Each structure stands twice: as C-alpha cells, then as structure tokens.
Amino acid sequence: MTRSQVVEVDLDDDDDDHDGPWWKDRGVLLPVLSGVAFFAGLICEWSGAQTPALVLFWVGLLAGASTFTPGAVRKLLRGKLGISLLMTISAVGAVILGYVEEAAALAFLYSIAEALEDKAMDRARGGLRALLKLVPETATIRADGALVEVAAKDLTVGQVLLVRPGERIATDGVVVSGRSSLDTSAITGESIPVEVAPGDSVSAGAINATGALEVQATAAGTDNSLTTIVELVEQAQTEKGERARLADRIARPLVPGVVILAVLVALVGSLFGDPQLWITRALVVLVAASPCALAIAVPITVVAAIGAASKFGVVIKSGAIFERFGAIRHVAVDKTGTLSRNQPTVTTVLTADATEAEVLGWAAGLEQHSTHPLAAAITAKAPDVPAASEVTEQAGHGITGLVDGATVTVGSPRWLTAGILADRVVELEEQGMTVVVVHRNARPVGAIGVRDELRPEVPEVVATLTGQSIGVTMLTGDNARTAQALAAQAGIGDVRAELRPEDKATAITELTSTASTVMIGDGINDAPALAAADIGIAMGATGSDAAIESADIAFTGHDLRLIPRAFGHARRGRRLINQNIVLSLLIITVLLPLALLGILGLAAVVLVHEIAEVIVILNGLRAARTTPTGIPRPVADGGIA
C-alpha cells in the first residue's frame, strides 16, 4: 500500500513518516543542526571571530536548506510551485548579496517550522490490514461429503462452509442450515446480536455466537464485503491526498509573480540605469516579497492548535485537516457507539400474572448461564438472581431451565408466543427495542425490552451544534424504527437508516456536495464514510482500528461534548491563521514598493521580516489556549452535572 493511499500528502513533505527516535530522523536532526550552527555563529560573530562565524553560518544554511531545497527543485521540475521554492530563491538571493547570516537564519526558521509541524502531526498508523484480520486464515468446507480445511483466500462462490460456535465467518454467504446468533459489532457497529436462520445472509468477519451453521459462500475469499470496504477507504484517501494546504494555495500564484517581477526589475532597470544597482535591487525585491512570516506562522499556529486539542482528547492527524476543520458546516454521525452507549440495557418489563422483579429474576436465573449480550443486560437489571438447573440453550431461539421448581423459558417473540402481551410487544419493537418473552410452565408471564440508550449529553450537544448553524444527520445500519426513536430523543431531524458501509459512503458524498461535512463514527462499517467525508472523526481510541485509520481526527474518549468544543477550537485556530495570513501579505505589500524604490536595503527588509515573524508567531501561539465547553458534563448516574 502506498503512502498516498493512507495519509494526506503534504505539498512540502516528501519524506516518509519516521517512527524511530528524533536523533535518527533526518527531518528533525538537520533543522536542529542548522539552529545550533546558526546560534554558534552568532556567538562567534559577537566575540569577533569572523571566519569561524562565517563557516558556522554556512553550515547552518546548508543544513537547513537541505530539508526543503531538494524537494522544491524536484517539484519545480514537475511543474509544482510552493513556499519552499520561494524560501530557496530568497536564501540564494541573500547569499548573492553577501548576507550569509540572514540566509542561514531564514533556512533555520523555515526548516525547524516544517519539522515541528511534521512531528506534531505524526500519523504512524498500522494500515487497512486491520480490517482483513477479521477474516480467519482458514475455513472448513464440505467437499464430497467430508469436512476439509482450506485457506480462506481460496474460497469460491458456491462452497458450503461449516461455521462452529465462536468462529468467524470467512466470507459473505447465505445460511443453508442451522440457527444461531451472530455478533456483528465489529462489522456493523451494532451491539445487539443478529438472529439468523436458513435463508438469511451473513457477512464476512461476523462471529457465530451459539449454534453451528452451514453457510453457502456468495463471494470469493478475496472479494467480499470487507475487501470492498478496504477498496473504498483507499480510493477516498487517494482522492483527498491531492488537496493542498492553504498556505501553498496562496504561494502558487505568488511565487511566479515574485520571480517575474524581480526579473523585470533587473532587465528594465539595467536598460535605463546601472545594471549592478538594478540587479541588486531586484534581489532585494525578491527577498522583500518572500512570504517568510506566512511560511513560518501558519505551521506554528497549526502545531500550537493541534497540541492544545490533544490535551482535551482530540487528535488531529495533519495540518491541512485542521485548516479544513474550521470550515465544517454539517455533521453526519453514526448511531451505535457514538450517539448511543453501545451497552444494551433493560428499559421496559411487561408482566402477566407476575411482578417485574419475578419476571426479571426468572429470566436472569437462566441468562446467567448464557454469553449472549442481552443476557448480560437482563442479569444486570434483576434485583435477585435465583439458581437455575437443567439449563439448555437453543441457538437462534432462546434458553430453558428449572427455576424454583418451575420450567422457565426465555426467547424471541418469533419462537415464544406473547399471549395477552402480544400487542404491547409489537409496540416495544416499534420503539426500536429488542424484546424477549418469558414463559413459566408454558404460560407467558412477561416480556423484557432491551435497548441501547442514547448518551445523556446527546440532546444538549445536538442543540449546541444546531445553534452554531451546523446541520446534523444520523447514519446507521440499524433498523428504521430504532433509528427514528433515538433520533427523536436526540433532536435530529435527518435520519438515514438500514445503511450498509457503501450506502453510508454514498450518503456522505451527497452531503459533501452541498456543504463541508464531517463524519463521526467508531465502527468498521463507518470506515468508507469517514474516508469519503471532508473530515472523518473516529470516536474512542479503543474503537475500530479501521475507523481510526481511515479518519482524519480521533477522539480519545466517547464524550460527545468534545464535538462542539473541537469545532470551537478549530474555528478559533482558523481565525488566527487568517489573521497571520493577512498580516504576512500586508508586510509583503508594504515592503515591495519600498524595496523597488530603493528606500529599503536588504538589511532593513530582513529586519522587518524578522519582526513580522515574531509578531505572527506570537499570535499563532495563542492557538495553544483552550476554553472549556459550556455543556454540562454527564455524571455517573446518567444525570447532568
């Protein structure tokens, strides 16, 4: 996989990411060497040792320039222009005029700023292979009446796979025999297992939780839903890699304009005056028009802002991403694990000839013997869990056993009749709950509704975003009833449910066509959408590797209050960047005519540039300040502090 497929290409960064210590990283070592040599030269100069000072200035100049000049030349040969080219021309011009010290200072400042930006936005990531690890290396198939183990990559359409409890499904297929529950959380992000029976479709990477299944492959081992996700992410990352940084977009017309102006000054002036005077003045014009402040202050602002964001749990993977983040106008957010807790809980208990405590206790007595996620939710809710014996579990149906001398059965409404509770069970399902029916001695005595609840801060966060004129859309692979119910609680009007990974990516493409859009998610199924969005945010450092890999920003936790806080921080940083750009361009606008008319010489021009650099750098460092969000923090009992 190439670098351009998984990271955003920076116009002034041709080096690969470096994972070792900084003293082995050429991109950091050379700027440090440049700075040490430059300051040592200043000390020698102040002490009167002119020759050693000159040698040290040359060492600093060559060390600093070596980090950006070769790349500037290579890009020039490809027809690409950037600020690094202007830095190179300015340094050469200063040397020609005999100002080696000024050229060394310029090379050091620019090289160290670039190195700081690169290290601050270190994005050493593991690659999209994390997705493919969900597919087992081998699979068991039926061939000529016998069971044969083959490599998963060699699977072909039509083969019948035997998937035992606890095993992952090696490729997409259709169940031909057996019933079971599938844990699809790693693929779809949905926490509640899916019951499957003959005729149901299953996806590669899903875990078979209970009964054995026979699955007929509908896709080859190397061409299934997971490999499709990988291809979508790679494609989106490659397209995004062509975008340039804001500073470089400004430099593109500025660089040729400055060069042409300097050449015209030298040629026209030489025709009507002293050639040496006008060639010297042309070089001063070149230095005056060099966007030193722009080249240094924008990266410093970004580094300060990214470092500050990381302190409150927001990891931004590149400077270009931060610059775009402040312009976002729409948020698309995944439901499960992002808006919801990804922790199924009992929300409703229906009863018939029994109390709620009895229904929960009877059910929990059996469910404590099960590893089903719904079982954990029921057991946690029961005030008292009685002992159960002779417990048997029927895959895809439910569980049966003896509790307090009575036969108790807990299972799906498709397996157990709900009796007089049938209408109310339907109502719970229409509210998006998963319902289990409880029988005691073959009579329905209750039903338990389980749902993955919203995080308590969601309504406030959505209201805050709406107040900031940021639109919100929910994208989910869950059923429409559950999605609509939770969206109503959250205050989200635009809901798109029952989406596959490719459907989410399509929805994001539609949204980005009308407004700058950020996608927020945490599951593998979110990876294509995260990559396709203008900005992708992965929730939770413990979330899916694929989601974090394909995202541009990662939140280290699941506190949704980070969303408006991150937006506010990015917008403030963008304002500081714009201020620095305006000031930098204003400096150039003022210096150019003064240099052209001979009012300012090179020393004065360099001095003004250095003062401007200090001003814009100090302004950029203001991005390191953070302000707390005004949204109340959720407390442990689910309330608001």
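Is Glu195 buried, partly exposed or exposed, and what is its relative accessible area? Select Glu195 in this predicted model, and you will find a residue that counts as partly exposed because its relative accessible area is 37%, which lies between the 20% and 50% cut-offs. Glu195 belongs to strand β6, which covers residues 194-196. Now add Ser181 to the selection and show both side chains, since the side chain of Glu195 makes a polar contact with that of Ser181 at 2.9 Å. Before leaving this part of the model, also pick Ser412, whose C-alpha lies 9.3 Å from the C-alpha of Glu195, although 217 residues separate Glu195 and Ser412 in sequence.

Next, go to helix α10, which spans residues 246-272, and select Val259 within it. Val259 is partly exposed, with a relative accessibility of 30%. Extend the selection to Ile260, Val263, Leu264, Leu267, Val268, Leu271 and Phe272, and display the surface: together with Val259 these residues form a nonpolar patch there, with about 810 Å² of accessible area in total.

The last stop is Ser584, which is placed in helix α23, residues 562-596. Here the setting is a buried one, because the relative accessible area of Ser584 is 3%, under the 20% cut-off. With the side chain of Ser584 shown, follow it to the backbone oxygen of Asn580, which it reaches at 2.7 Å. Finally, select Ala293, Leu294 and Val616, which Ser584 touches when residues up to four places away in sequence are not counted.

Notes
Residues numbered from 1 in each chain as written. Predicted model: local features only at pLDDT ≥ 70, side-chain atom pairs only at ≥ 80, totals over all residues. Heavy atoms only, no water. Helix = DSSP H or I, 4+ residues; strand = E, 2+ residues; numbered from the N terminus. Buried < 20%, exposed > 50% of the residue type's maximum accessible area, 1.4 Å probe, protein only. Polar contact = N/O pair within 3.5 Å; in protein donor to acceptor, adjacent residues only side chain to side chain. Contact = heavy atoms within 4.5 Å. Patch = residues over 30% accessible without salt bridge, like charges linked within 9 Å, V, L, I, M, F, W, Y side chains within 5 Å. Areas by Shrake-Rupley, 256 points an atom, 1.4 Å probe, with all protein chains shown as cover. Salt bridge = Lys/Arg side-chain N within 4 Å of Asp/Glu carboxyl O.
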